[in-house]
Amino acid sequence: MLKIPLRLLLFLCSFSLLAQEYFPKNDGVKTINTNYTAFTNAKIYITPSQVIDNGTLLIKDGKIVASGAQVTIPKNTTIVNVEGKSIYPSFIDMYSSFGVEKPKRESGGSRSPQYNPTRTGYYWNDHVMPESNAMSKFKFDSKKAKELLNAGFGVVNTHIQDGIARGTGTLVALNTEGGNEVKILEQKSGQYFSFSKSVTSRQSYPGSIMGSMALLRQLYLDADWYAKGNSKTKDLSIEALNKNKSLVQIFSAGSRANALRADKVGDQFDVQYVILGGGDEYERINEVKATNAAYILPVNFQDAYDVENVYLTQSLALSDMRAWNQEPSNPKVLADNNISFAFTTHDLKSLKTFKAKLMKAIEYGLSKEKALEALTTTPARLLGKQSEIGNLNKGAYANFLITSGDIFEKKTTIYENWVQGTQTVVNDMNTKDIRGDYEFSIARENYKMTLKGELSKLSSEITIDDKKRGSKVSYSDDWLSIAMTSKDSTKQEFIRLIANVSQGENFNGKALYPNGNELTFYARKIDSKTKNKETKKTDSLKVDSSKTKDVTPVTYPNMAYGFKELPKQETLLFQNATVWTNEAEGILEQSDVLIKNGKIVKIGKNLSDSSAKVIDATGKHLTSGVIDEHSHIAASSINEGGQNSSAEVSIEDVIDEEDIDIYRDLAGGVTTIQILHGSANPIGGRSAIIKLKWGEDSQDLIYKNSPKFIKFALGENVKQSNWSSFERFPQTRMGVEQLYIDYFSRAKAYDALKKSGKSYRKDVEMEVLAEILNKERFISCHSYVQSEINMLMKVADQFNFNINTFTHILEGYKVADKMVEHGVGGSTFSDWWAYKYEVNDAIPYNAAIMHNAGVVVAINSDDGEMSRRLNQEAAKSVKYGGISEEDAWKFVTLNPAKLLHIDDKVGSIKVGKDADLVLWSDHPLSIYAKAEKTIIEGVTYFDIIRDEIMRSQIKKEKAELINQMMLAKNKGLKTQPIKKKEKDQMHCDYIDHESH
Amino acid sequence: MKKINLYIVLLLLTFGFANAQQTPGKKQTRTIAITGATAHIGNGEVIENSLIIFKEGKLTTVVDATVVKMDLTGMEVINASGKHVYPGFIIPNTTLGLVEIDAVRATDDDSELGSWNPHIRSLIAYNTESKVVESLRPNGVLLAQATPRGGRISGTSSVVQLDAWNWEDAVVKEDDGIHLNWPSSFSRGRWWMGEDPAMKVNKNYEKQVKEIVDFFNATKAYSKGTNQTLNLPFQATEGLFDGSKKLYIHVGNEKGIIDAVNFSKENGVKEMTIVGGSDAYKVADLLKQNNISVLLKRVHSRPGQTDDDYDLPFKRAKLLVDKGVLVALEGSGDMERMNARNLPFYAGTTVAHGLSKEQALQLITLNTAKILGIDAAYGSLEEGKSATLFISEGDALDMRTNILTHAFIDGRLISLESHQTKLWKRYSEKLKTQD
């Protein structure tokens, strides 16, 4: 047996470990090294839960031969005594772009949209590239590898981070020796997906997240159909997708909301993704848990905002402040909920901060064992490589870290990172630890010196008779040199010290003075008790900080006006109100309404119920909740304009429950809205009808047993008249008609084939259109001028269905008689006009004329501002056209309920209907009225008094968080500049920014 | 059908007195007396049973009829008992008449090239034939400040009345003020260049403010010089220093407002008004001390930030009025021209959020007139002022009762017809005859 200093091992290891024995060799003799290396007397973390206090790790040929307390060491073994040190498995990052060049954005060319794919032989959408493989672009990046090794990583799963279906990743060992023949652990490991388009193609579709979701669904359907041998043509994309479906499927979601969306897509096709999270999972942990997915978590916790500037700080939203405060607790929350997760360095600006971020998660309550799992066994298991990486069991790759102690402690140093038996020295472990306090005297001056910091970056503090001197230290190979400023601080002069520290605790050295004099000195390490006391003191501090950090409580939604606890359903008795029933009873003066179990149970006078909370509504008005037939609030995207039809997309996929406009709408008495797709294309997407249950999760907002709706659109938007686009059919109203005839004819044929029982390719778009033909789905069509309104009714007649609603319908008054005949309703603006050529003849009397002609009329908003004042908009019908107040009120309540086919449950105050009620301070059509309570199914989601309380809580919480951020800055922590949160105001015409 | 009949009666009632559409009203020849109406003076006062007389376009009598009796012989008497009389509403800071249809570029005349455009004058582009202009009158909006947009200095506005043959007829106050867009504290990332589109601190703020100071200094230097080569922007700016023009600084945030106030003081600007002023309520005391008025951002808008009170836009006026700041309402932003007819309802909304009805009325009448410098003749029903007023069936700040029977500008009875009422009648008639 041979015992040698570890430093020399470097030479031993430069042998190619897994030499390719079948390769010819022309530059010397073939050398095969069959020696062992053993690391003894270490604390070995074989796995996070299996720890050997004093064990041996035996390796050979880049693999672990044995590990444990009792290991037999063969004779041909080099033994390295690492007594007092710890050995961990090296870390794994399964979401990496290591060695893969970032694809470049396609530049130049025309700015007009591109609708067709650029490739042939592949899927019809350029953003779907399952045939891509990281290996095809892989080039080992030594510089980056060194950074990763220094941070503790041994293996990464790298992939091309571009496109919706991104193809397969490659599992790479960060071995600094040898070539790809040893480093590539798996060429195809994991199939990656995202919602973001490829930067390499300008193909327009999909232009929204809901489009990306629809595209993925159709891809899976097509893949299944293709797998069954139905395709007459070749599709290399689908072939690759199918071939790689047994690999781990990894989805780059990047946020909780998108994680839930990805999981929804996956569930439909029995695909369970491992999901790259956003760090905000804690905000709705139950929903996240319900995905049953494992997560890959970034640790790029935000720095505090720089809140010194009072004015700029005013623009900082509470939700952003909270994110800073709460995000570090995310891993703990996932762990507490038994959600399995791996960590990634993805999105981390500097790998050097990785450990600090990790420690922050631990400081916020994540156990060290879980942290280690997330870096080792969990990613290994998720990648299906648990026997090879992420642990130190026999047979695994010799990927391990040697550290000075507990890796999750601040003072701990990583000495070495071994990958496949190749050593990388991070910090020389033979460097003597000379940190501590020293005394010496030179020329009758008494010096005190403290050496501290990391050994590789030692810093010094020197005082002479308690006066501080500037100093700079360097330390390597047992030699210590120090430059310090001389006594005369006015001069730029230095005293230089040099000493060899290899012998014992104390050392001799010499000092060189600016005048050239040389003096010797003897530095003595102070074994002071006082020092120990200090350590104790810091220890006690540490106990404090090891307690879980105070985290601001999460609210639902997690922002201003969110609820700490969701409000509960109540039994409520409104007494002595003016009740607008919207029924034959009309407006009842001084009446009572009792609601129970979310329903209206009694209407009358002198009602009583012992269990009810009584609300004195004297002088107030009680109405059913306002219903907005046309809204674009509470959605992450509105338009999928990448094609002229997007029936396959659904707003239900992209509901944003964190939109403050939900709360503001409640404050305007709104309880139910239809979120319509935009008007970018003649056949738009499917709607979401939601109740504004502020605080609930997006999917719980959806109206139960929602009637099915789809948005159509006519006119300037679908012709793309008002922006430079001349590529997409149709460009005229003439073309719009033919487009509908084309799609409906195809849908009819599709439906017939489907019903015949013969095999067919399932096409979501056609399925949706067939629902229209089968009268299972209603159309709400954006429309302005009479010619096109007339046209669409005729097209519908031709295919034997009815248009349900014309929305906007600003020239409805010109064809009101035809609308009555067709049986279509009209949902219009009260008084908008003149914003486009096609609304030149829009008049505020439109609602009145249509109503008088017998059309079911609603007044809608299409606007987050107007939405909260729909009572005022309804009142305009009294002015413009002399509509009765009762009928005008129905324009924003019962009539939209009818148009949405939900008037069996909402839209009026009737026994048995949902308790969706608004208590108004005044006549609801009056400009002077305010909503005081807005109730949905017996739950008070808006209360004007509670709102006041929330305002003061928001103010207080913001002040506290600002104070915390000031503290963070004063502690010297990094800060980030103020951002201003801003929400896009969405209208029909709103187009999402590129890919997001 | 009964409903339709009733509806036609109503129609005739409303428009029986109307002149031919689009034709400006003729000069007042006979003295007109309005009797019995509730007169909302515009200065906060109300006369329940009023007598209002105007002659040759000027108000000669505005009195309480229960106190003062007069002989009305020879006058055209309008019995308005049960009705309400208001001074004509004024919409300031609007592109009314400068753009007809947003999406049709050919109709768009509100924003000129360049950053420093004080010499660009809105008046000459103001389109008296605009269909949008005539649509404001039936709601009581009778005066407007036509204002250009864009650049650092957008240009020079003028005040017009909304019933005219041409802009020369229309003008009430020519070149009343210069409009300066104060630099914003935040700027947006250029997403098309791969930047985060979020709002970030505007690093160029100080530089941009300095550019304004430089421009003003240059103007002052220019005006001191003799035999200067003509410089149109400098020349146009001179009025700010002799008080013949007002400086309108468009700014929303608190710091910007403070900086703008200090800037005006330091640079010898005689008259300044804050336009927009989202945060003005936070610095109300400063504004009051410096006698700076505010043309307040559209009431019917969403709060700027998620954390704001949901009703902040509704109550800003109240917060400023309570502090004694001179406030009037403006409505710039999306669809500002077609929505300008909702000005009375902006005022109405401030009542639901704390102001009295008469205080709210001041925000769209006398206060506006004071800010625009036309209060000698407009903004209130006071003897000696222009007879620019209207009669409404009911409370004109509420949609349901804002139904005009008569409107006068400078004593001229004006048409309450519009393109829209014409279509209303035409198609009502069509459907009726089909009945």
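Q: Which residues does Lys370(B) touch, not counting those up to four places away in sequence?
A: In this predicted model, Lys370(B) touches Leu326(B), Asp375(B) and Gly379(B), if residues up to four places away in sequence are not counted; two residues are in contact if their C-beta atoms, placed from the backbone, lie within 7 Å.

Q: Any ground rules on numbering and confidence?
A: Residues are numbered from 1 along each chain as its sequence is written, while chains are lettered from A and ligands numbered from 1 in the order in which they are written. Because the model is predicted, local features need pLDDT of at least 70 and side-chain atom pairs count only at pLDDT 80 or more, whereas totals for chains, interfaces and linings use all residues.

Q: Back to Lys370(B), where is it placed?
A: Lys370(B) sits in helix H12 of chain B, residues 366–372; helices (H or I, at least four residues) and strands (E, at least two) are DSSP runs, numbered from the N terminus. Lys370(B) and Val327(B) are 43 residues apart in sequence, and their C-alpha atoms are 9.7 Å apart in space.

Q: And why does Lys370(B) count as partly exposed?
A: Lys370(B) is partly exposed because 18 other C-beta atoms lie within 10 Å. A residue is buried if 20 or more other C-beta atoms lie within 10 Å of its own, exposed if 12 or fewer, and partly exposed in between, with C-beta atoms placed from the backbone.

Q: How many residues of each chain are in contact where B meets A?
A: On the chain B side there are 50 residues, in contact with 57 residues of chain A. H13(B) gives the most to the side of chain B that touches chain A, with 7 residues, and the elements giving two or more residues to that side also include helix H1 (2–15) and helix H7 (254–266) of chain B. That side divides into 26 nonpolar, 12 polar and 12 charged residues, where Ala, Val, Leu, Ile, Met, Phe, Trp, Tyr, Cys and Pro count as nonpolar, Asp, Glu, Lys and Arg as charged, and the others, Gly among them, as polar.

Q: Which strand of chain A is joined to E13(B)?
A: Strand E48 of chain A, residues 979–980, is joined to E13(B) by 2 bridges, and the two run antiparallel; strands pair if DSSP finds at least two bridges between them. Lys980(A) stands opposite Met199(B) in E13(B).

Q: Switching to domains, what does the assignment give for chain A?
A: The assignment, which is automatic or from a database, gives domain 1 (436–545), domain 2 (564–624 + 907–946) and domain 3 (626–902). The C-alpha centres of domain 2 of chain A and domain 3 of chain A lie 29 Å apart, and the contact takes 21 residues from domain 2 of chain A and 27 residues from domain 3 of chain A. On the domain 2 side of that contact, E45(A) gives the most, with 3 residues, and by class the side has 13 nonpolar, 7 polar and 1 charged residues.

Q: What is the order of strands in the open sheet of 6?
A: The order is E37-E39-E40-E41-E42-E43 (chain A), with mixed pairing. The edge strands, each pairing on one side only, are strand E37 (683–686) and strand E43 (857–859) of chain A. Strand E39 (residues 709–713) of chain A and E40(A) pair in the parallel sense over 5 bridges, with Ile710(A) opposite Ile779(A) in E40(A).

Q: How many residues has the largest nonpolar core?
A: It has 371 residues, and those with the most contacts inside it are Leu57(A), Ile87(A), Ile275(A) and Ile52(B); a nonpolar core is a set of buried Ala, Val, Leu, Ile, Met, Phe, Trp, Tyr and Cys residues joined through C-beta atoms within 7 Å. Helix H4 (residues 209–227) of chain A supplies the largest share of this core, 10 residues. A second, separate core of 16 residues includes Ile482(A) and Phe507(A).

Q: Where are the cis peptide bonds to Pro557(A) and Pro730(A)?
A: The bond from Tyr556(A) to Pro557(A) is cis, with omega near -10°, and Pro557(A) is in the loop between helix H14 (529–546) and strand E30 (572–580) of chain A. The cis bond joining Phe729(A) and Pro730(A) has omega of about 0°, and Pro730(A) is in the loop between helix H17 (716–719) and helix H18 (733–756) of chain A.
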